Amino acid sequence: MPAVPTMSDNNETKLRNATIAVLVDNEPGILARVVGLFSGRGYNIESLTVAPVDEERAISRITIVTSGTEMVIEQIKAQLDRLVPVRKVCDLSIEGPHLARELMLIKVVCTGEQRAEALRLADAFRARVIDATTASFVFEMTGNGDKLEAFTALMRPLGLAEVVRTGVIGIARGTYSLKA
Amino acid sequence: MPVSPNGGAKSESQNTMSATALQTATSAAQTMSGAEIVLRALKEQGVEVIFGYPGGAVLPLYDALFQQNAIRHILVRHEQAAVHAAEGYARSTGRVGCVLVTSGPGATNAVTGLLDALMDSIPLVCLTGQVPTHLIGNDAFQEADTTGITRPVTKHNYLVKDINKLAGVVHEAFYVARSGRPGPVVIDLPKDVLIGQGPYSEAPTAPHRSYRPQREPNAELVAAAVKLLKGAKRPIVYAGGGVVNAGPEASALLGEFVRETGFPCTNTLMGLGTYPASDPQFLGMLGMHGTYEANLAMHGCDVMLNIGARFDDRVTGRLNAFAPTAKKIHADIDQSSINKNVPVDIALVGDAGLTLKALLAAWRASEQPQHKGALAEWWQQIEAWRGKDCLRYRQEGSIIKPQHAIRRLYEITQETRRDTFITTEVGQHQMWAAQYFGFEKPNRWMTSGGLGTMGYGLPAAMGVQIAHPDALVIDIAGEASILMNIQEMATLAQYRLPVKVFILNNEYMGMVRQWQELLHGGRYSESYSAALPDFVKLAESFHARGLRVTRPEELDDGIREMLAHPGPVIMDCAVAKDENCFPMIPSGAAHNEMILGPDQEGGVKGVTDEGKVLV
């Protein structure tokens, strides 16, 4: 990767997805700062997750999934990087292979044969039953977005009642670690 | 995995000061009130002047100010003016300006000034009062969500809820305001924190934990840039406000670099003064109301070196037609300014002065440029464009041309040989000032570039005069803009600030009128300045001298009288009502589609529908 990205290779109109990991000081207003940056400058947020990852040093990790042209994504990273409480910005989607996972809880309300079918599919998708009544299941499932969407689609005719997803979290493969 | 492109400004290898280390450093000191902590930290940061307006939430700070002499407080008449005054102070000195306002309306009135400073990269620290912490969120009297409201208009902001962190926050605020791309920082101070007792700590010497902007440019990229410049046939240097922010030595280096290379140089509105206006290698300002030669040279160049400018839309015109044949080098301290509007070939992230120094060294160390003959041809072309004399105007008849008024103001101030600082409001007069007043040195030109804030000039001039008590400070104004912060005449009177307000009075919001003429069929909707005050009487009522000039033959004497008067003056100069500001790149047009005035060939072309959408 070049030290500074140059933009001469005209990819001004091609959109791409980016999964950006951001290490920030866990202080009041930091999420508003990040979200305000995206809304104020008209960038997309497809998903955003945040949680503290280092209690002692008060550091949180934000994972943002966004899309835009190469120029816009470079802008997003540069804009994030210049926020004072931001310690590190990493574009997981271009800086090497990475893993992305999402957690979903999904409630299906059904009886009879549909119930058995829901359980069979859950088994095939490695979803866990974490709550059950005689008329419902709550499944817990992790995976990438495609897998979660496929499972949701299968549950729709079987009595899909409610879905909640965390949004994507990501981490690089291999020995590389993101440190603040 | 590679580090971030800005060369590891956030790399993990550097030592960071932990929060605990910060606290142990503080605990040794004795305790004092929050207000005293703030003032002591300001003093340690070198603050000598603070512009402000009191109110309930900041009474403890005003009480502490009363009991000391190190910091001088200047009482403005509106909080917006306090911020603009601090901008004028900061821009003319290179120091961080300081503002103090109360909670609620005090803070919201400051918002315009804060955004103005953000867009023009002016270092400020603004202290805002806040209701006591236990009332925050209760819709208390004069409560506003100040950090929420000011988040998008500041570089950074703080709400201090813990007095133990107060001193550290003030020090950090000054560091953030002046480092990297400078900007305004707000510190919101609840009243109980100002009253409570806490420890003082000195400014930390360790690097900041996360905000460490890169100052030195990457050496390999500097070499690549110089290689590109050496191979240029039609080069141009385009320098902006970043060179002002990098200090006077950066402007000196710019001059050295331009003279050594023999390249033509143009300035943005914010960059005026970084290269001497009288130098033959200077092409004047570029952009929407820039000179013919500067804009055509930008359009036709093959290598462009941008130092400390941000490819603003006033400069570029239509983006897809901007310098279409040029390889572009962009030096900027702000990584996020690079490839934002215009994709560039080489990005040099760093301080403008250090970058110029590196470029100059690399230029001297490498071989002779390849195309000396080509550069001479390029200059011939530029001279031909210059021959158009795009700023020519004819002063004839009994009405003063606004261009002539500025030109004579410039020439007569030159005769006085006094150090002269110019501020402006926003509109036609601002552009004429930029075109017809020559600036030889940086920090002498204060104008609202990015935000375009009418009402900026008078309070900014106040701030400049406070910083430079013996200098000649002139606010070049329009009759509409000046009324937006006219209350500051009282501040001039109180502190005996001999600011000269030079009003080009055409009885119109001139730039609005001009656009209505060119774009909206001459329907002058609400742009006439009806019911104007008598500016002479207005000046007198504010204990200043008032002058009025209406005829060309009175102009010089009027200017001389204004300059000779030892106190503040308003000079109301009646000028041609229908004069337009030319040259002009109409919105949505390219540099080579600029329109010239009636005194040059070529008429006013129509504006496209796409252009009408643009501001």
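Me: Hi! In chain B, what share of the contacts with a separation of 6 or more comes from residues 24 or more positions apart?
Reply: Those residues account for 77% of them. Two residues are in contact if their C-beta atoms, placed from the backbone, lie within 7 Å.

Me: Anything to know before I go on?
Reply: Yes, this is a predicted model, where local features need pLDDT of at least 70, side-chain atom pairs count only at pLDDT 80 or more, and totals for chains, interfaces and linings use all residues. Residues are numbered from 1 along each chain as its sequence is written, while chains are lettered from A and ligands numbered from 1 in the order in which they are written.

Me: Cool. How much of chain B is buried?
Reply: Buried residues are 55% of its 615 residues. Buried means 20 or more other C-beta atoms within 10 Å of the residue's own, exposed means 12 or fewer, and partly exposed is in between, with C-beta atoms placed from the backbone.

Me: New topic: what is the phi of Ala323(B)?
Reply: It is near 40 degrees, a positive value in a residue other than glycine. Most residues other than glycine have a negative phi.

Me: And is Ala323(B) buried or exposed?
Reply: Ala323(B) is buried, because it has 24 C-beta neighbours inside 10 Å.

Me: What about Asp139(B), buried or exposed?
Reply: Asp139(B) is exposed, with 7 other C-beta atoms within 10 Å. Its phi is positive too, near 55 degrees.

Me: Last one: which peptide bond is cis?
Reply: The one from Phe582(B) to Pro583(B), with omega near -5 degrees. Most peptide bonds are trans.
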